[in-house]
Amino acid sequence: MKTNTNNSKKKNDEYTSIRVKNNTKENVNKFLEKINKTEDCGKITFDAFISHFLENVTQEDIENLQKGAITWAHEDKRLKRLWEKKKGKVSENKWKEMLYVGQLAEFIAENSRLQIASNG
């Protein structure tokens, strides 16, 4: 009677897809192709590549990513909260009025995380 004894490790086949832009996928594939040219080590997979960076990301890296995702919609809310913390409550209408007539220009220049374009 023949018995099947499988002593090899069970392979983890639980994969899923990740949505990325075509350009991002092409850049990662080019990078992996470049680093996998050597034959003196195993193949680095997309999964290993992403896992490595997730495990080694620093707080500074996270902050830089977050800063890169800031829009004026986000910054408007944050700046209004900061203004209210320093100067007291202000209605949304009053905030917009001060914003539009330029009363907040100096405050925004001093406190915004976004670059302010010069008018000249």
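Reader: Before we get to Gly68, what counts as a helix here?
Author: Happy to start there: helices are DSSP runs of H or I with at least four residues, numbered from the N terminus. Keep in mind that this is a predicted model. With that in hand, Gly68 lies in helix H3, which covers residues 59-68.

Reader: Thanks! Is Gly68 buried or exposed?
Author: Gly68 counts as exposed, because its relative accessibility is 66% and the cut-off for exposed is over 50%.

Reader: And how far is Gly68 from Arg113?
Author: In space they are 9.9 Å apart, C-alpha to C-alpha, while in sequence 45 residues separate Gly68 and Arg113.

Reader: Let's zoom out. How many helices and strands are there?
Author: The protein has 6 helices and 0 strands. Read from the N terminus, the order of elements is α-α-α-α-α-α.

Reader: What share of the residues is buried?
Author: Buried residues make up 16% of the 120 in the protein. The accessible surface comes to about 11,200 Å², and carbon and sulfur atoms hold 50% of that.

Reader: What about contacts between residues far apart in sequence?
Author: Among contacts with a separation of 6 or more, 41% are between residues 24 or more positions apart.

Reader: Switching to helix packing: how do H4 and H5 cross?
Author: Helix H4 (residues 72-87) and helix H5 (residues 92-100) have axes that come within 12 Å and cross at roughly 105 degrees. The two are therefore roughly perpendicular to each other, since angles of 65 to 115 degrees fall in that class.

Reader: Nice. Which residues make that contact?
Author: On the H4 side you have Asp76, Leu79, Lys80 and Trp83, and H5 brings Glu92, Trp95, Lys96, Met98 and Leu99. By type, the contact of H4 with H5 has 5 nonpolar residues, 4 charged and no polar ones.

Reader: Those tryptophans make me think of rings. How many aromatic pairs are there?
Author: The structure holds 4 aromatic pairs. In one of them, Phe31 and Phe49 sit 5.2 Å apart, centre to centre, with 45 degrees between the planes, so the pair is tilted, as angles from 30 to 60 degrees are.

Reader: Where in the chain do those two sit?
Author: Phe31 is in helix H1 (residues 22-35) and Phe49 is in helix H2 (residues 46-56), 18 residues apart, so the pair links distant parts of the chain. Phe31 is partly exposed at 36% relative accessible area, whereas Phe49 counts as buried at 17%.

Reader: Which residues do ring pairs link into a cluster?
Author: That would be Phe31, Phe49 and Phe53.

Conventions. Residues numbered from 1 in each chain as written. Predicted model: local features only at pLDDT ≥ 70, side-chain atom pairs only at ≥ 80, totals over all residues. Heavy atoms only, no water. Axes fitted to C-alpha atoms, helices over the stretch in contact; angles between N-to-C directions. Parallel < 35°, antiparallel > 145°, perpendicular 65-115°, else oblique. Contact = heavy atoms within 4.5 Å. Nonpolar A, V, L, I, M, F, W, Y, C, P; charged D, E, K, R; others polar. Buried < 20%, exposed > 50% of the residue type's maximum accessible area, 1.4 Å probe, protein only. Areas by Shrake-Rupley, 256 points an atom, 1.4 Å probe, with all protein chains shown as cover. Phe/Tyr/Trp six-rings, centres within 6.5 Å; stacked < 30°, edge-to-face > 60°.
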